[in-house]
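Hi,

Here is the structure I promised to pass on. Have a look at it first, and then read on for what turned up when I went through it.

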Amino acid sequence: MSETTRANEENKKPLNGRRALPPNYSNEEENEVPEMDPFGLIPRGFNPKDYLRVVDIYMFKEPHEVNKQQHHTDKYYNPRLIVRRGQPFQIRIDFNRPYRPETDKFWLEFLMGRYPQQNKGTYIPILVGNVLKPGEWGAKITHRENNSIHLSVMPSATCIIGKFRLYVAILTPFAILRTRRNPATDTYILFNPWCQQDAVYLDDEREREEYVLNDVGIVFHGNIEDIKSRSWSYGQFEETILDACLFLMDKAELELSGRGNPIKICRVASAVINSRDDNGVIAGSWNNSYDYGVAPSAWTGSVDILLEYYSSKEPVRYGQCWVFAGVFNTFLRCLGIPARLITNYSSAHDNNANLRLDFFLDDEGKVDTKLTKDSVWNYHCWNEAWMTRPDLPVGFGGWQVVDGTPQETSDGMYRCGPASVQAIKHGHVCFQFDAPFVYAEVNSDIFFSRMEKNGTQVVEKIDTTHIGQLIVTKEVGGDGMMNITEEYKFREGSDEERLALETAVMYGVKKQTTQDIQYQPQTDIDMDFQVQKAVLGNDFKVTITFRNRSRNSYTVTAYLSGNIVFYTGVTKSEFKKHSFNAKLEPSSSRSFDVVVKSSEYMSDLLEQASFHFFVTARINETGKILAMQKATILEIPTLRIKTKGELVAGREMSVIVEFTNPLKQTLENVTLRLEGPGVLRTIKKEFRSIPMNSTLTWEVKCIPMRPGLRKLIASLNSDALRHVYGELNVQIQKP
């Protein structure tokens, strides 16, 4: 580096009176380490070649060699050594002559960043001793032969994670001699869920296999009435992904010295995963127009997104909650933090965190969109990361909620978590970070109210069970669904649930008591409605049933409103209005069918084919209002995937993707994506159109690299139809 560029570097970050060194938050940058550090004047006859000299350092870094096998890092497509902290690894040093312990003195140096400092954990000198202490930096000689020594090196169980540079330093009477900078000996140190002293230690081997080593997962979406699932390729071991994940911490300007702490890493990552306020990885878009970008539904995994961000340094367009959560999961698993993707069905987005979502009805009983600010997401995805919480009282470690989707600001930035799941369940929302917001997402009540002319608010109905009815994640070791609602909340209506709520209110979650509100529930008449399961492009019906429990006759005026909604519960357009009057005889039931034609909804349909029906009915004799709402999703056709040829690692095979257009219209601007970790990198192909009822076939040739059970994932995206997926499990044989 010339003097001028160095001067420019220093000018860029002016030093202030507070710190002697500029902040150190880049793992990429390096300082220059002198090969010879003299102790003063060097006598004329001094020749470094007379002393012990390092000829070569052998890192045992191949996937089949001891280090990557023992450290569970053999799946990373990365030529460098990758180990986990708190667990020893082996290296061999070849000298120019046999090593003599009585007179020769050498040590190892691990350095990170531009300003390595011992007290910050970015400069680590390791002397060779006779024993390794568990969980502390150290090295010992395990074997000597000829000019070589074998060392066992132990990284501290709390050391910072990232990429270290390795030097060997040798002491001579007049100077310290060091090995030359050699990128081939760079060593990545990651979190270690297998090590008891590590903050992310997880004691169950099946869970470690799933939450750290599985590179494919399942995203549950749809809604509570109709749960759908799709695969997502996390790809945390793919080429360059580890460097891309480390770059995210540089981008978030997390000091290197803080990178041993999973709490800090999760907090800054939840901000940098979204592009709001820091130009982070993914730009969110919830308005159904995805110009100059990829529709959120078209992504099949995280790899393309992370690689694009790593090379362009600009936000990747576009994501919605499952995309943020999928990429966040890749980041966490890649660094060795156990993580899983969670779906909360009927998730409250409560703008003022008062545990109450207000839906205002107008005089006809329709929802007043001007007054209603809160929304219920059909589902919302976030992540859980596993770690101890030494910053909280005992008992709040374990799974922590972290959420990269930009919803509300926390300490001035769009981020959320880590919030202890245990604290949320028991209502201890005083513990950092963002527990009240997550508590509201799974525990709010829905209030249906009417505004009287004089401005008073009359509550017509309170629904205490709709929000957070089901919280799920992928099961360990399979593709099924695991219900984890009980980890977030006690059973509806139980004493423990009331107690947790009172605790949350005591700790400052705002909740208005029902006593303050004029509210007399209506008990004479029950109303329910069912939406028939329907396939996209077909007609279907909605059946509304009234049950009169009383001995009186009543007449009701009912109103059905069908809306096309984003999965966030925000309405795009009302496509169906239907009113009718009904006479209800004493102690009897009556049902009414309303037919919804495909022509009524197809033109406005959004990508998740999601509808929201509101049925409100006024009992004319008493003036009471019945209100009910349900979301429903149309069945979307799937892609078919087949393989041709033998499925053997290292040999060519074919993957065939087929799709038949079921709609009564031509699909325009069709994009297909196909990927499978270990089988093929993401490939995409564009087709101008698929006429109605015709079938598209696409054949891709590839050479699978890894044997074992692998998953192929495909998606189709077009102007009129999105969220079309297909997947296939394939068993790749060893050659």
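Among contacts in the protein between residues at least 6 apart in sequence, what share join residues at least 24 apart? The figure comes to 68%. Please keep in mind that this is a predicted model.

First, the overall picture. The protein has 735 residues, and 56% of them count as buried. Its secondary structure consists of 12 helices and 40 strands. Along the principal axes, the C-alpha atoms take up a box of roughly 115 × 60 × 50 Å.

Next, the domains. The assignment splits the protein into four pieces: domain 1 (36-190), domain 2 (205-507), domain 3 (525-633) and domain 4 (640-732). I looked at the pair formed by domain 2 and domain 4, whose centres, taken over C-alpha atoms, are 30 Å apart. Domain 2 contributes 24 residues to the contact and domain 4 contributes 18 residues. Between them, the two domains bury about 1,800 Å², with 46% of that area on carbon and sulfur atoms. On the domain 2 side, the residues that lose the most area to domain 4 are Ser231, Ser297 and Thr300, which together account for 28% of what that side buries.

Then there is helix 6, which spans residues 303-312. Its buried residues are Val303, Ile305, Leu306, Leu307, Tyr309 and Tyr310. What do these residues pack against? Their partners are two helices, helix 4 (241-251) and helix 7 (321-335), together with strand 14 (282-284), strand 15 (316-319) and strand 37 (680-690). Just after helix 6 comes lysine 313, which has a positive phi, near 60 degrees.

Two of those partners also pack against each other. The axes of helix 4 and helix 7 lie 10 Å apart and make an angle of about 105 degrees. Angles of 65 to 115 degrees count as roughly perpendicular, so helix 4 is roughly perpendicular to helix 7. From helix 4, the contact draws on Ile241, Leu242, Cys245, Leu246, Leu248 and Met249; helix 7 supplies Thr330, Phe331, Cys334 and Leu335. Sorted by class, this contact has nine nonpolar residues, one polar residue and no charged ones.

I hope this gives you a good way in. Happy to talk it through whenever suits you.

Best wishes

How values were computed. Residues numbered from 1 in each chain as written. Predicted model: local features only at pLDDT ≥ 70, side-chain atom pairs only at ≥ 80, totals over all residues. Heavy atoms only, no water. Buried < 20%, exposed > 50% of the residue type's maximum accessible area, 1.4 Å probe, protein only. Helix = DSSP H or I, 4+ residues; strand = E, 2+ residues; numbered from the N terminus. Contact = heavy atoms within 4.5 Å. Axes fitted to C-alpha atoms, helices over the stretch in contact; angles between N-to-C directions. Parallel < 35°, antiparallel > 145°, perpendicular 65-115°, else oblique. Nonpolar A, V, L, I, M, F, W, Y, C, P; charged D, E, K, R; others polar. Domains from an automatic or database assignment. Buried area = accessible area lost by both parts, 1.4 Å probe.
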